[in-house]
Amino acid sequence: MLSVPLRTLLPVNDDVISEVRAWVREQVVGWNLCPFARRELVNETIRFRVSEAEDEEALLLALAEEIQFLDRQSDVETTLLIHPRILSRFDDYNEFLGLAEALLADMEREGVYQIASFHPQYQFAGTQPDDPENYTNRSPYPLLHLLREESLSDAVDNHPDVQQIPVDNIALMNRMGVEKLRRAFPWTS
């Protein structure tokens, strides 16, 4: 039997970025899951970067590089660091988040940047895997979203009711139901 190396089975970076960009456009912005994302998408201030990392150390290095990139590039508002080759299991990804936060602390960037988490199998604590609310944080690939803390604070301060955002998102997911969500998020099946 002919064996095909795993690397050839994985999508190329342009395809990965296209899928994630479509998710941001169609679900995140289109469904208004994040009312702050539209402006950044329209202004093209979102950096989409695919990491080739195949282990946690390489992913931490890529994350450090993105933090340094944002330090240098004030015109880039946020980075989506997509890592399709590592942390495909949500439990592993969730454990890695502690290392990512520790990296922010080690680089003395706590309060400068915040990491938001998205994963194809995202599951909030206290929920079942198929609960609709989990879809608010489900993405085509595992990714780490680096946000500028100051910009996020400004956006939150200027929003009429930021506490209502997750409530509205959960209500939308529940109205849509799991079957419709599975069709809209085919990578979660």
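Helices (H or I, at least four residues) and strands (E, at least two) are taken here as DSSP runs, numbered from the N terminus. The model is a predicted one, so local features need pLDDT of at least 70 and side-chain atom pairs count only at pLDDT 80 or more, while totals for chains, interfaces and linings use all residues. Residues are numbered from 1 along each chain as its sequence is written, and side-chain values use heavy atoms, with hydrogens and water left out.

Counted this way, the protein has 7 helices and 4 strands. Walking along the sequence, the order turns out to be α-α-α-β-α-β-α-β-β-α-α.

What about overall size? The C-alpha atoms fit in a box of roughly 60 × 45 × 30 Å along the principal axes. The radius of gyration (taken over C-alpha atoms; the globule rule is 2.2 Å times the number of residues to the power 0.38) is 17 Å, which agrees with the value near 16 Å for a compact globule of 189 residues. Contact means heavy atoms within 4.5 Å. Among contacts between residues at least 6 apart in sequence, 75% join residues at least 24 apart.

Next comes the inside. Buried means under 20% relative accessible area, exposed over 50%, and partly exposed in between (1.4 Å probe, protein chains only). By that yardstick, 44% of the 189 residues are buried. A nonpolar core is a set of buried Ala, Val, Leu, Ile, Met, Phe, Trp, Tyr and Cys residues joined through side-chain atoms within 4.5 Å. The largest one holds 27 residues, and Val 20, Trp 23, Val 24 and Ile 82 have the most contacts inside it. At least two residues each come from α2 (13–29), α3, β1, β2 (78–82), β3, β4 (143–148) and α7 (164–184), with α2 giving the most, 7 residues. Setting aside neighbours within four places in sequence, Trp 23 touches Val 28, Phe 118, Arg 138, Ser 139, Pro 140, Leu 143, Phe 185 and Trp 187. Apart from the largest core lies another, of 25 residues, including Ile 86, Tyr 113, Ile 115 and Leu 144.

Two loop residues also catch the eye. Glu 44 is not a glycine, yet has a positive phi of about 55 degrees; this residue sits in the loop between α3 (37–42) and β1 (46–50). Its relative accessibility is 68%, so Glu 44 counts as exposed. Glu 108, not a glycine either, has a positive phi of about 55 degrees and lies in the loop between α5 (90–106) and β3 (113–118). With a relative accessible area of 66%, Glu 108 is exposed.
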